[in-house]
Amino acid sequence: MQLNIENSILPLPGLEREYHFYHVSDAHFSFAEENDTEGEKFVMRRDAERYENHPDNVDPLIAWDALMEYLKNDPDADGLLITGDIFNFFNISTHNKIREMIAACPVETFYTPGNHEFCNPMDVANTKELQAMMHPTTPETDIHNIYHRYFDEYMNGNADFWVRDFGRFLLVGLNNESHDITPDQMARFREQAAKGLPILLMMHVAVRSDAYIEVIKANWVGLNMYFLFENNDSPMNKAFSDFIRSPEGNVAAVIAGHVHASHDGEFEPGKRQLVAAPLYERYVRKITVVPC
């Protein structure tokens, strides 16, 4: 199967060599086994029909397998960047399958979650194991704490915030699936920015720019604020948005997904934003980080 690979060149100062990353988002995988609930099987069948009945879509597993073969044949590949919604809904079968897929990836993976990773199984799939872990009389149980037991292991140890130091730049993964930044995330990001290195910031939900708003308008009815990180006026979100746009934030690029359309443009003068279209549309972005 032929992948739709879009190339983006990202210049960074001080590099001693080029870096080659592949970026995917919004695969919306769903799997169900024989002993799963009827709700889980229903969602799996519904998703399969969506790919089968749309001429521009493919089963995301087929696209993933094609990408794995592509990566095996690229000796220069430095990593695979995954910006969320690889799950369509969380259940144990999907978790186990995706964990196996990531473990078998021929290059290092860098994964930050999207809103579908934290999709509530009580609403979607009636997932048995997660229900058993939640006390039925305590609806205030933080479902995110339950999911972290699964996600942290293949999201570099902490699904909410992780850092990979490449020596001359930092790759930072931040979970903004709820469209909110926590005080802990803000504090940890400031610590990384203080190192003075360029930052490639991976988030599921992208930030506002005039060009990106036009992409949203072209793909959705009107301007849907749900597809912007700054979809509310909380002080923490505004402080984070202002900081990553400032010189002190040291963000060279935001790498995101969520809107189901590709975009390569500036969100602030001198600061790039790279948004991936869905993997089920065969879309993969190759980001080549070059010295400047």
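Helices and strands are here DSSP runs, of at least four residues for helices and at least two for strands, numbered from the N terminus. In these terms Asn57 lies in the loop between α1 and α2. The model described is a predicted one.

The chain contains 9 helices and 11 strands. Its C-alpha atoms occupy a box of roughly 55 × 45 × 40 Å along the principal axes. For 292 residues, a compact globule would be expected to have a radius of gyration near 19 Å, and the value of 19 Å found for the chain agrees with this. Buried residues make up 55% of the 292 residues. The accessible surface amounts to about 12600 Å², and carbon and sulfur atoms account for 49% of it. Among contacts between residues at least 6 apart in sequence, 74% connect residues at least 24 apart.

Helix α1 comprises the 15 residues 38-52. At 1.5 Å a residue it should span 21 Å, and its end C-alpha atoms are indeed 21 Å apart. Its buried residues are Glu40, Lys41, Val43, Asp47 and Tyr51. Viewed down the axis of α1, these buried residues fall within an arc of 160°, so they line one face of the helix. The face turned away from the buried side of α1 carries the exposed residues Glu38 and Glu52. Such a division can be read against helix geometry: an α-helix has 3.6 residues a turn, so residues three or four places apart point the same way.

The loop between α1 and α2 was examined at two positions. Asn57 has a relative accessibility of 9% and therefore counts as buried, the cut-off being under 20%. Apart from neighbours within four places in sequence, Asn57 is in contact with Arg50, Tyr51, Tyr280 and Glu281. Val58, found in the loop between α1 and α2 as well, is buried with a relative accessible area of 10%. When residues up to four places away in sequence are not counted, Val58 touches Met1, Tyr51, Ala63, Tyr280 and Arg282. Tyr51, one of the buried residues of α1, thus appears in the contacts of Asn57 and in those of Val58; Tyr280 likewise appears in the contacts of Asn57 and of Val58. The C-alpha atoms of Val58 and Glu281 are separated by 6.4 Å, although these residues are 223 residues apart along the chain.

Arg282, a contact of Val58, is found in the loop between β10 (271-275) and β11 (283-291). Its relative accessibility is 24%, and Arg282 therefore counts as partly exposed. The backbone at Arg282 has a positive phi, near 70°, in a residue other than glycine. Most residues other than glycine have a negative phi. His260 also has a positive phi, of about 65°, although it is not a glycine. His260 is located in the loop between β8 (251-257) and β9 (263-268) and, at 22% relative accessibility, counts as partly exposed.

Aromatic pairs in the chain number 23. Phe29 and Trp64 form one that is edge-to-face, with 6.2 Å centre to centre and 80° between the planes. Phe29 lies in the loop between β2 (19-24) and α1, whereas Trp64 lies in helix α2 (residues 60-72), so the pair ties together parts that are 35 residues apart in sequence. Both partners are shielded from solvent by the criterion used: Phe29 is buried at a relative accessible area of 2%, and Trp64 counts as buried at 3% relative accessibility.

A tilted pair is formed by Tyr111 and Tyr154, at 5.8 Å centre to centre and 40° between the planes. This pair links distant parts of the chain, with Tyr111 in strand β4 (residues 109-111) and Tyr154 in the loop between α6 (143-151) and β5 (161-165), 43 residues apart. Tyr111 has 0% relative accessibility and counts as buried; Tyr154, at 8%, counts as buried too. Tyr111 and Tyr154 belong to a cluster in which ring pairs link Phe87, Phe90, Tyr111, Phe118, Tyr150, Phe151 and Tyr154.

Notes:
Residues numbered from 1 in each chain as written. Predicted model: local features only at pLDDT ≥ 70, side-chain atom pairs only at ≥ 80, totals over all residues. Heavy atoms only, no water. Expected span 1.5 Å × (residues − 1). Buried < 20%, exposed > 50% of the residue type's maximum accessible area, 1.4 Å probe, protein only. Arc of directions from axis to C-beta. Rg over C-alpha atoms; globule rule 2.2 N^0.38 Å. Contact = heavy atoms within 4.5 Å. Areas by Shrake-Rupley, 256 points an atom, 1.4 Å probe, with all protein chains shown as cover. Phe/Tyr/Trp six-rings, centres within 6.5 Å; stacked < 30°, edge-to-face > 60°.
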